[in-house]
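This report describes the helical packing, aromatic contacts and backbone features of one model. The sequence and the structure are shown first.

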Amino acid sequence: MFLRQKVLLGTLLFAFFLVLSFLVYLKIFSSFDTKAIFFLQSFIPRSLDFLFSIFSLVGTFEIATLILLLILVFLKKVNKFIILLGYSLVSTVEVAGKSIIPQIAPPIDLNRTEVFFSFPTGQVSEAFFAYPSGHVARTTFISLILLFAIWKSKKLSKNTKFAFSFLLLAFCFLMFVSRIYLAEHWATDVVGGAILGFAVVFLIAPALFRRN
């Protein structure tokens with residue numbers, strides 16, 4: 001995909017994010033959101049609550065940021081400043097959305113999270129609304145950066161690239177499901193976070209790698 005096409009896709013995705021945000025503001029998807037939680041909780045066993053709770057910790061701001069910084073240490077040919085700028089944009093839009101769009105998180109009686117750590121940003125986020133999901137936005141952003149780097153690499157075989165891509169996509173999928181299943185977020189929060197992460201990565205795609 002040419003760089004100009006990636007920017008166009010990023011622009012369209014961000015526009016779609018804004019449209020979705022407006023529809024969430026109007027509470028168009030309230031019934032769908034409730035049904036999505038009940039659907040996942042109806043067939044996923046409670047024995048997985050612990051694993052999903054631990055897994056979700058990876059998406060917290062502190063841990064996700066640490067993971068991104070470690071990745072940037074090992075990725076030599078990426079534009080680290082642009083990636084950090086994009087990551088900051090994701091966080092800024094997330095906070096703006098949670099400040100403006102009055103979507104309250106799922107009720108506590110549906111929540112299945114087994115909390116083990118309380119990070120500072122988690123305590124701060126309680127003062128905001130739920131849309132979009134920061135866990136999902138960060139996970140999507142970091143995973144897509146890794147996907148671009150993997151397919152840019154000349155050292156990895158095609159089979160290895162496919163294997164890593166599958167693992168990253170599976171990781172994202174589990175993060176998406178966990179946030180809804182645990183009733184930490186509504187489905188629209190998760191969809192909005194995923195679109196935001198995708199949009200920002202494609203918007204910064206032209207400057208993602210250094211030109212030697």
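## Threonine 139 and its surroundings

Leaving out residues up to four places away in sequence, threonine 139 touches Gly59, Phe171, Cys172 and Met175, where contact means heavy atoms within 4.5 Å. The model is a predicted one, in which local features need pLDDT of at least 70 and side-chain atom pairs count only at pLDDT 80 or more, while totals for chains, interfaces and linings use all residues. Residues are numbered from 1 along each chain as its sequence is written, and side-chain values use heavy atoms, with hydrogens and water left out.

Threonine 139 is placed in helix 7; helices here are DSSP runs (H or I, at least four residues) numbered from the N terminus. With 6% relative accessibility, threonine 139 counts as buried. The term buried means under 20% relative accessible area, exposed means over 50%, and partly exposed lies in between, for a 1.4 Å probe and protein chains only. A polar atom of the threonine 139 side chain lies 2.7 Å from the backbone oxygen of histidine 135. A polar contact is a pair of N or O atoms within 3.5 Å; within protein, one must be able to donate a hydrogen and the other to accept it, and residues adjacent in sequence count only if both atoms are side-chain atoms.

A similar arrangement involves threonine 60, whose side chain reaches the backbone oxygen of leucine 57 at 2.7 Å. Threonine 60 lies in the loop between helix 3 and helix 4 and is buried, its relative accessible area being 11%.

## Nonpolar cores

A nonpolar core is a set of buried Ala, Val, Leu, Ile, Met, Phe, Trp, Tyr and Cys residues joined through side-chain atoms within 4.5 Å. The largest such core has 36 residues, of which Ile83, Phe141, Ile142, Ile145, Phe148, Leu196 and Leu208 touch the most other members. At least two residues of this core come from each of helix 1 (3-25), helix 4 (61-74), helix 5 (80-100), helix 7 and helix 9 (187-204). Helix 7 gives the largest share, nine residues. Apart from this core lies another, of 16 residues, including Ile37, Ile44, Leu110 and Ala183.

Not counting residues up to four places away in sequence, leucine 196 touches Phe14, Phe17, Val90, Val93, Glu94, Pro132 and Ala137. Alanine 149 also belongs to helix 7 (residues 134-152) and is buried at a relative accessible area of 13%. Beyond its neighbours within four places in sequence, alanine 149 is in contact with Leu75 and Phe209. The C-alpha atoms of alanine 149 and valine 78 are 7.8 Å apart, although the two are 71 residues apart in sequence.

## Helices 5 and 8

The expected span of a helix is 1.5 Å times one less than its number of residues. For helix 5, 21 residues should span 30 Å, and its end C-alpha atoms are 30 Å apart, which agrees. For helix 8 (residues 158-181), the expected span of 24 residues is 34 Å, and its end C-alpha atoms are 34 Å apart, which agrees. Among the buried residues of helix 8 are Lys161, Ser165, Cys172 and Tyr181. The cover over its buried residues includes helix 2 (30-43), helix 3 (49-56), helix 7 and helix 9.

## Aromatic contacts

The structure holds nine aromatic pairs. Rings of Phe, Tyr and Trp (its six-membered ring) pair if their centres lie within 6.5 Å; planes under 30 degrees apart count as stacked, over 60 as edge-to-face and the rest as tilted. The rings of phenylalanine 61 and tyrosine 87 have centres 6.2 Å apart and planes at 20°, so this pair is stacked. Phenylalanine 61 lies in helix 4 and tyrosine 87 in helix 5, so the pair ties together parts 26 residues apart in sequence. Phenylalanine 61 is partly exposed at a relative accessible area of 32%, whereas tyrosine 87 is buried at 5%. One aromatic cluster is formed by Phe14, Phe17 and Tyr131.

## Backbone features

Tyrosine 131 is joined to proline 132 by a cis peptide bond, with omega about -5°. Proline 132 is in the loop between helix 6 (120-125) and helix 7. Two residues with positive phi are set out below.

| Residue | Phi | Loop | Relative accessibility |
|---|---|---|---|
| Lysine 27 | about 60° | between helix 1 and helix 2 | 47%, partly exposed |
| Alanine 183 | near 60° | between helix 8 and helix 9 | 2%, buried |
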